[in-house]
Amino acid sequence: MDCLSCGLPAGYNRVLVERPSGAELGGLCVECEERRFGDCLKQGFWTETDGCALCARDAYVVMPEWHPVTEHSPDGVVVRNEYEVTEGTVGLCDEHLDSLTDPDRHDGTLSRAPTPST
Ligand SMILES: [Zn+2]
Ligand SMILES: [Zn+2]
């Protein structure tokens, strides 16, 4: 899953989930989270609100953390991506989701060049 903000692979950081459908809109990579929110999401500063983390509107999407789960099965090791949406999961309204994904607001240093796969 690619980062909704920069278009690069999001890694296992956060996933943006539309409410109430539960549709996965995309991911949010560590870099974009730090650029937009700093340490606040990790610290849980915003988990007290059930609306948008940045304003008073209702949350349109929620941003649960992604937890890859490794399962051992007879066929080998399977990695599943799991996330859990709880009452404390940080949300964003549609406007702030837009600002997150608006390409015009990208940093000048960011490009859509593919990251080297390691
Ligand atoms: Zn990103
Ligand atoms: Zn908002």
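Which residue forms a salt bridge with Arg 80, and how far apart are the closest N and O atoms? In this predicted model, the partner turns out to be Glu 71, and the closest N and O atoms sit 2.5 Å apart. Neither end is hidden away or fully out in the open: Arg 80 is partly exposed, with a relative accessible area of 33%, and Glu 71 is partly exposed too, at 32%.

That pair belongs to a set of five salt bridges in the structure. Side chains of opposite charge can pair when their charged atoms come close. Another of the bridges links Glu 33 to Arg 14, with 2.9 Å between the closest N and O atoms. Glu 33 belongs to helix α1 (residues 30-37) and Arg 14 to strand β1 (residues 14-18), so this contact ties together parts that are 19 residues apart in sequence. Here both partners, Glu 33 and Arg 14, are buried.

Arg 57 and Asp 94 also meet through their side chains, in a salt bridge of 3.1 Å from N to O. Arg 57 comes from the loop between α2 (40-43) and β3 (61-62), while Asp 94 is part of helix α3 (residues 94-101), so the pair ties together parts that are 37 residues apart in sequence. Arg 57 is partly exposed, with a relative accessible area of 35%, and Asp 94 likewise counts as partly exposed at 35%. As for Arg 80, its relative accessible area of 33% puts it in the partly exposed class as well. Bridges with shared partners also occur: they join Arg 57, Asp 94 and Glu 95 into one network.

Next comes the metal site. The zinc ion (ligand 1) is held by four protein donors, the SG atoms of Cys 3, Cys 6, Cys 29 and Cys 32, at 2.2 to 2.3 Å. The angles among the four donor atoms run from 106 to 116°, and the site is tetrahedral. Because four donors count as tetrahedral if all angles lie between 85 and 135 degrees, the range of 106 to 116° fits that label. Along the chain, the donor residues of the zinc ion follow the spacing C-x2-C-x22-C-x2-C. How buried or exposed are Cys 3 and Cys 6? Cys 3 is buried, with a relative accessible area of just 3%, and Cys 6 also counts as buried, at 4%.

The backbone has a feature worth a look at Pro 20, in the loop between β1 and β2 (24-28). The peptide bond leading into this proline from Arg 19 is cis, with omega near 0°.

Last, the aromatic rings. A pair of aromatic rings is described by the distance of the centres and the angle of the planes. The structure has one aromatic pair. It is made by Tyr 12 and Trp 66, whose ring centres are 6.0 Å apart and whose planes meet at 70°, so the arrangement is edge-to-face. Tyr 12 is found in the segment before β1 and Trp 66 in strand β4 (residues 66-73), so this contact ties together parts that are 54 residues apart in sequence. The two rings' residues fall into opposite classes by accessibility: Tyr 12 counts as exposed, at 52%, whereas Trp 66 counts as buried, at 8%.

Conventions: Residues are numbered from 1 along each chain as its sequence is written. Chains are lettered from A and ligands numbered from 1 in the order in which they are written. This is a predicted model: local features need pLDDT of at least 70, side-chain atom pairs count only at pLDDT 80 or more; totals for chains, interfaces and linings use all residues. Side-chain values use heavy atoms; hydrogens and water are left out. Donors are N, O and S atoms within 2.8 Å of the metal (3.2 Å for Na, K and Ca); water is not among the atoms, so sites may look incomplete. Four donors count as tetrahedral if all angles lie between 85 and 135 degrees; four count as square planar and six as octahedral if opposite donors are over 155 degrees apart and all others between 65 and 115; anything else is irregular. Buried means under 20% relative accessible area, exposed over 50%, partly exposed in between (1.4 Å probe, protein chains only). A salt bridge is a side-chain nitrogen of Lys or Arg within 4 Å of a carboxyl oxygen of Asp or Glu. Helices (H or I, at least four residues) and strands (E, at least two) are DSSP runs, numbered from the N terminus. Rings of Phe, Tyr and Trp (its six-membered ring) pair if their centres lie within 6.5 Å; planes under 30 degrees apart count as stacked, over 60 as edge-to-face and the rest as tilted.
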